[in-house]
Amino acid sequence: MNASTPFPAPSRRPQVLLGRLALAAALALGGLAAASLSESAHAAAPQVKTQAPGWYRLMVGGFEVTSLSDGTVALPVDQLLHAPAGLVAEDLKQHFQQTPLETSVNAWLINTGNRLVLVDAGAGSLFGPTLGKLVAQIRAAGYQPEQVDDILITHMHPDHVGGLAADGQRVFANATVHADKADADFWLSQARADAAPKEMKGFFQGATVSLTPYVQAGRFQPFERDSEILPGIRALAAHGHTAGHALYSVESQGQRLVLVGDLIHVASVQLASPEVTIGFDTDEPQAATTRARVFADLAKDGSLVAVSHFSFPGLGHLRKAGKGWQWLPVDYSGQVR
Ligand SMILES: [Zn+2]
Ligand SMILES: [Zn+2]
């Protein structure tokens, strides 16, 4: 028998087998003891209790797109959504969710190769302590706030503009801010702020403190409705949620991403019942009409879609389903090519 054969000669097998069994038993016992020791050692390690970094990256043609999480906020959607009695509670239950509903606040960084473009700026300090993480995520994703050249604002609600300024200073020192003129005329108007009901005044103040440092520095450029902002990036008017709510269509090498801002808020309710509106909508009927029109186009042309308040990273595709829509979220991409 070859010396390298791992099995003993047949004549020695019974004794060797017994010996092997004994050895195996001893090893098993030892292993058990070792396992229980190591288990107790693991149990002593404190639980870490932090979440994964809040950025996610993919390519749209030659543009690198990074989703950024500003955090999440608990929204009382049962009070905010305008829906038939019982619908919201039933839909949430069917989706294993509850109210107040944990709601993502997403923003996006687009590196076109020539410009670094931020779409929306998170809430900063305007919407509570669970938000305002945008700058930390920009850094974690490999960029610095001062590298941002342009900021495209979908609309001037505090969870989209609050991160523009801190303590009256521009957070993005080298950036120019772009937004639909109709939104600027509405939210930056002192006369409208004065006339607004008490519960809305904070929205006007939030827009003003966030935009004013850029206005004063000559770094605010409003646009009118549909406009090309940068090569490959167009603004599209989608008014209703606010007076000047804008979408951004991003195209490179035949691929298209459309950032739809607050065209929709609560996936588990409004996808199946798109007629349901939310109290944040300035003009609720117009918001529902705009949503129907834009979603029909997006489902038809198969564009990748970015939604501000869908679960992070808020990227996916829309497909027609009955009277509403189905959301098909992107897969994890381990390789950004
Ligand atoms: Zn909004
Ligand atoms: Zn929002």
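This passage looks at the overall build of a predicted model, then at its zinc site and one of its helices.

Taken as a whole, the protein contains 10 helices and 18 strands. Of its 337 residues, 45% are buried. The chain also folds back on itself a good deal: among contacts between residues at least 6 apart in sequence, 68% join residues at least 24 apart. The accessible surface adds up to about 17200 Å², with 56% of that belonging to carbon and sulfur atoms.

Now for the metal. Four residues hold the zinc ion (ligand 1), namely His155 through NE2, His157 through ND1, His241 through NE2 and Asp262 through OD, at 2.1 to 2.2 Å. Along the chain, these donors follow the spacing H-x1-H-x83-H-x20-D. The pair of His155 and Asp262 links distant parts of the chain, 107 residues apart: His155 sits in the loop between strand E6 and helix H5, and Asp262 in the loop between strand E14 and helix H9. Both His155 and Asp262 are buried. The arrangement around the zinc ion (ligand 1) counts as irregular because its four donor atoms subtend angles of 92 to 167°, and a tetrahedral site would need all angles between 85 and 135 degrees. A second zinc ion (ligand 2) lies 3.4 Å from the zinc ion (ligand 1), and Asp262 coordinates both.

Helix H8 covers residues 198-216 and spans 27 Å from its first C-alpha to its last, close to the expected 27 Å. Even so, H8 has a kink of about 30° at Ser210, shortly before Pro213. Ser210 and Pro213 are both among the buried residues of H8, which also include Phe203, Phe204 and Tyr214. After H8 comes Gly218, with a positive phi near 70°.

Definitions and conventions
Residues numbered from 1 in each chain as written. Chains lettered and ligands numbered in written order. Predicted model: local features only at pLDDT ≥ 70, side-chain atom pairs only at ≥ 80, totals over all residues. Heavy atoms only, no water. Helix = DSSP H or I, 4+ residues; strand = E, 2+ residues; numbered from the N terminus. Expected span 1.5 Å × (residues − 1). Bend = angle between axes of the 7 residues up to and from the residue. Buried < 20%, exposed > 50% of the residue type's maximum accessible area, 1.4 Å probe, protein only. Contact = heavy atoms within 4.5 Å. Areas by Shrake-Rupley, 256 points an atom, 1.4 Å probe, with all protein chains shown as cover. Donors = N, O, S within 2.8 Å, 3.2 Å for Na, K, Ca; no water. Tetrahedral: all angles 85-135°; square planar, octahedral: opposite > 155°, others 65-115°.
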